[in-house]
Every structure is written in C-alpha cells, then in structure tokens.
Amino acid sequence: MRIGELAARAGTTTRTLRYYESRGLLPARRDELGHRAYDERDLRALQQIRTLQHFGFELEETRPFVECLRAGHPEGDSCPASLAVYRRKLDELDALIGELAAVREKVAGQLTRAEQARDELAAEALVPGGPEPVCELGGRER
C-alpha cells in the first residue's frame, strides 16, 4: 500500500509516517516507481506505536516493540527489550503516583487548615464586638 492508504488505515497523517521513517521506526521501502511502499506488518507496527503513545510512552520508548514485531513476533511486547520498557514505565508511573499522593496530602492539609480558619473567623464574628466578616473579593459582607 502507499503512504496515503497506510496513513488513513492507521488514523494518522502522511507527515507523521514520514517522521517515523526518518526516526527509523518505519522502513523506507520504495516500489518500482519510487513511491513509498508499506504492508500489513507496517500497519501493525503503527498500531503498536499509537497504542503505546496513547498510554503515555515517548516515541523512542516504542522502538523495542516495533523491533520485536519486525523480528517476527506476533506481539511487539513479547521480547526482553519490550518487557524492560514496560518495567521502566511502571517504575516511572509508580514514582509519579507517589509524588501526586504527597501533593494531594499537602493540599488536603491546606484545605483543612483554611476551613478551620474560616470557621474560627465566623465564630468570632458572631461575638458582639467581634470582627466584621470580609469577603474574599475584598469587600465587606453586609
């Protein structure tokens, strides 16, 4: 198939395919007229790349999966190099989850502190002679 057909079947653009070719992820085969020529294996490699990128993998991280497919494996993730990328990605995700959990804990603490401060101010405002409540926008409540 030609580049336009492959792009349409893969749900991408010819520009993207040329970029993948320049990065060595797609073969640079040509037919007798000099047109780029692709086959079903190339479509499978593109589907693998797009799936992995959808999961958050960088383009270069997809290389072992594409090479695994090119080596004749029915799935691009059955080779040792692909498994190693999965492991690294899981470690990266676990680290991000830990960072997000720590940030969430800090934000939850700030919310609790802010709510307590608001409640204390509201209680003081109910005391005769207490402070007059102030709106967050800078005006006084009436």
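The buried residues of helix α4 pack against α3 and α5, where contact means heavy atoms within 4.5 Å and buried means under 20% relative accessible area, with exposed over 50% and partly exposed in between (1.4 Å probe, protein chains only). The model is a predicted one, in which local features need pLDDT of at least 70 and side-chain atom pairs count only at pLDDT 80 or more, while totals for chains, interfaces and linings use all residues. Residues are numbered from 1 along each chain as its sequence is written, and side-chain values use heavy atoms, with hydrogens and water left out. Helices (H or I, at least four residues) and strands (E, at least two) are DSSP runs, numbered from the N terminus.

Helix α4 is largely enclosed by the rest of the structure, because 6 of its 8 residues are buried. These buried residues are R63, P64, F65, V66, C68 and L69. The helix is followed by G72, which has a positive phi near 105°. Two of the buried α4 residues, P64 and F65, are in contact with V85, as are F57 and E61, when neighbours of V85 within four places in sequence are left aside. V85 itself is found in helix α5 and counts as buried, at 2% relative accessibility. Between V85 and F65 the C-alpha to C-alpha distance is 8.9 Å, with 20 residues separating them in sequence.

By the rule that a disulfide is a pair of cysteine sulfur atoms within 2.5 Å, the count comes to 1. The disulfide is formed by C68 and C79, with their sulfur atoms 2.1 Å apart. C68 lies in helix α4 (residues 63–70) and C79 in the loop between α4 and α5, so the pair ties together parts that are 11 residues apart in sequence. The link of C68 and C79 is right-handed, with 80° about the S-S bond, and both cysteines are buried.

In soluble globular proteins, nonpolar side chains tend to be buried together. A nonpolar core is taken here as a set of buried Ala, Val, Leu, Ile, Met, Phe, Trp, Tyr and Cys residues joined through side-chain atoms within 4.5 Å. The largest such core has 16 residues, and those with the most contacts inside it are L6, L17, Y20, L25, L26, L46 and I49. Two or more residues are given to this core by each of α1 (3–10), α2 (14–22), α3 (40–54) and α4. L46 touches L6, A10, L17, Y20 and L26, when residues up to four places away in sequence are not counted.

Charged side chains were examined next. A salt bridge is a side-chain nitrogen of Lys or Arg within 4 Å of a carboxyl oxygen of Asp or Glu, and the structure holds 11 of them. One joins E40 to R9, the closest N and O atoms being 2.8 Å apart. Since E40 lies in helix α3 and R9 in helix α1, this pair ties together parts that are 31 residues apart in sequence. E40 is partly exposed, with a relative accessible area of 47%, and R9 is partly exposed at 41%.

A salt bridge also forms between the side chains of E75 and R44 (3.1 Å, N to O). Here E75 lies in the loop between α4 and α5 and R44 in helix α3, so the parts tied together are 31 residues apart in sequence. Both residues are partly exposed, E75 with a relative accessible area of 41% and R44 with 27%. In the salt bridge of E61 and K89, the closest N and O atoms are 3.2 Å apart. E61 lies in the loop between α3 and α4 and K89 in helix α5, so the pair ties together parts that are 28 residues apart in sequence. K89 is buried, with a relative accessible area of 5%. In addition, R29, D39, R41 and D42 are linked in a network of salt bridges.

At the surface, L90, L93, L96 and I97 make a nonpolar patch of about 360 Å². Patches are made of residues with over 30% relative accessible area and no salt bridge, with like charges joined within 9 Å and nonpolar side chains (Val, Leu, Ile, Met, Phe, Trp, Tyr) within 5 Å; accessible areas come from the Shrake-Rupley method with a 1.4 Å probe, and for residues only the protein chains shown count as cover. L96 is found in helix α5 (residues 80–126) and counts as partly exposed, at 39% relative accessibility.
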